[in-house]
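Colleague: I should be grateful for a close look at a single part of this model, set out as one connected account. Please take the strand pairing as your point of departure and continue from there to the charged side chains.

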Amino acid sequence: MRETKVSRGQRFQKADGTGIVFEVIELVDRANMPHARLSRLDNPGEERVIATVALLDKKLFAPASAGALSARERRDTAD
């Protein structure tokens, strides 16, 4: 069954081969359309607001694997 909901804490990886992973930090409504405010894991200061329908489009994003870690998480596990 295809996932139809996006929730806070979910992680999505861009499907363009860059490996960039974003985490949903807030769900917002823009122009009566659900969007998610995302924070880039390797650069938390970079945020984007993307329509949830785009996050669920496999041509644009894929659910990030459980092993997708932020830069801070990678540093913490290396110690």
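Modeller: Gln13 stands opposite Ala62, a residue of strand S5. This is a predicted model, and every value below is computed from it. Strand S5 covers residues 61–63 and runs antiparallel to strand S1, to which three bridges join it. Gln13 also has a bridge partner in strand S2, namely Val21. Strand S1 spans residues 11–14 and strand S2 residues 21–30, and these two strands pair in the antiparallel sense, again over three bridges. The hairpin of S1 and S2 has six residues between its strands, and in that hairpin Gly17 adopts a positive phi near 90°.

From Arg11 one may pass to another part of the chain. Arg11 and Leu41 are 30 residues apart in sequence, and their C-alpha atoms are separated by 8.9 Å. Leu41 belongs to the loop that connects strand S3 (33–40) with strand S4 (43–51). Is Leu41 buried or exposed? Its relative accessible area is 7%, and Leu41 is therefore classed as buried, since the cut-off for that class is under 20%.

The charged residues of this region can now be considered. Arg40 forms a salt bridge with Asp42, in which the N to O distance is 2.5 Å. Arg40 also takes part in a salt bridge with Glu46, where the closest N and O atoms are 3.3 Å apart. Glu46 in turn forms a salt bridge with Arg48, and here the closest N and O atoms lie 2.8 Å apart. Arg40, Asp42, Glu46 and Arg48 are thus linked in a network of salt bridges. For context, a search of the whole structure finds seven salt bridges.

The accessibility of these residues deserves separate mention. Arg40 has a relative accessibility of 17% and so counts as buried, because the limit for a buried residue is under 20%. Asp42, its partner in a salt bridge, is partly exposed, with a relative accessible area of 40%. Arg48, which is bound to Glu46 by a salt bridge, counts as partly exposed at 30% relative accessibility. Asp42 and Arg48 both fall in the intermediate class because their values of 40% and 30% lie between the limits of 20% and 50%.

To draw the account together, Gln13 has Val21 as its bridge partner in S2 and stands opposite Ala62 in S5, while the network of salt bridges links Arg40, Asp42, Glu46 and Arg48.

Key:
Residues are numbered from 1 along each chain as its sequence is written. This is a predicted model: local features need pLDDT of at least 70, side-chain atom pairs count only at pLDDT 80 or more; totals for chains, interfaces and linings use all residues. Side-chain values use heavy atoms; hydrogens and water are left out. Helices (H or I, at least four residues) and strands (E, at least two) are DSSP runs, numbered from the N terminus. Buried means under 20% relative accessible area, exposed over 50%, partly exposed in between (1.4 Å probe, protein chains only). A salt bridge is a side-chain nitrogen of Lys or Arg within 4 Å of a carboxyl oxygen of Asp or Glu. Two strands pair if DSSP finds at least two bridges between them.
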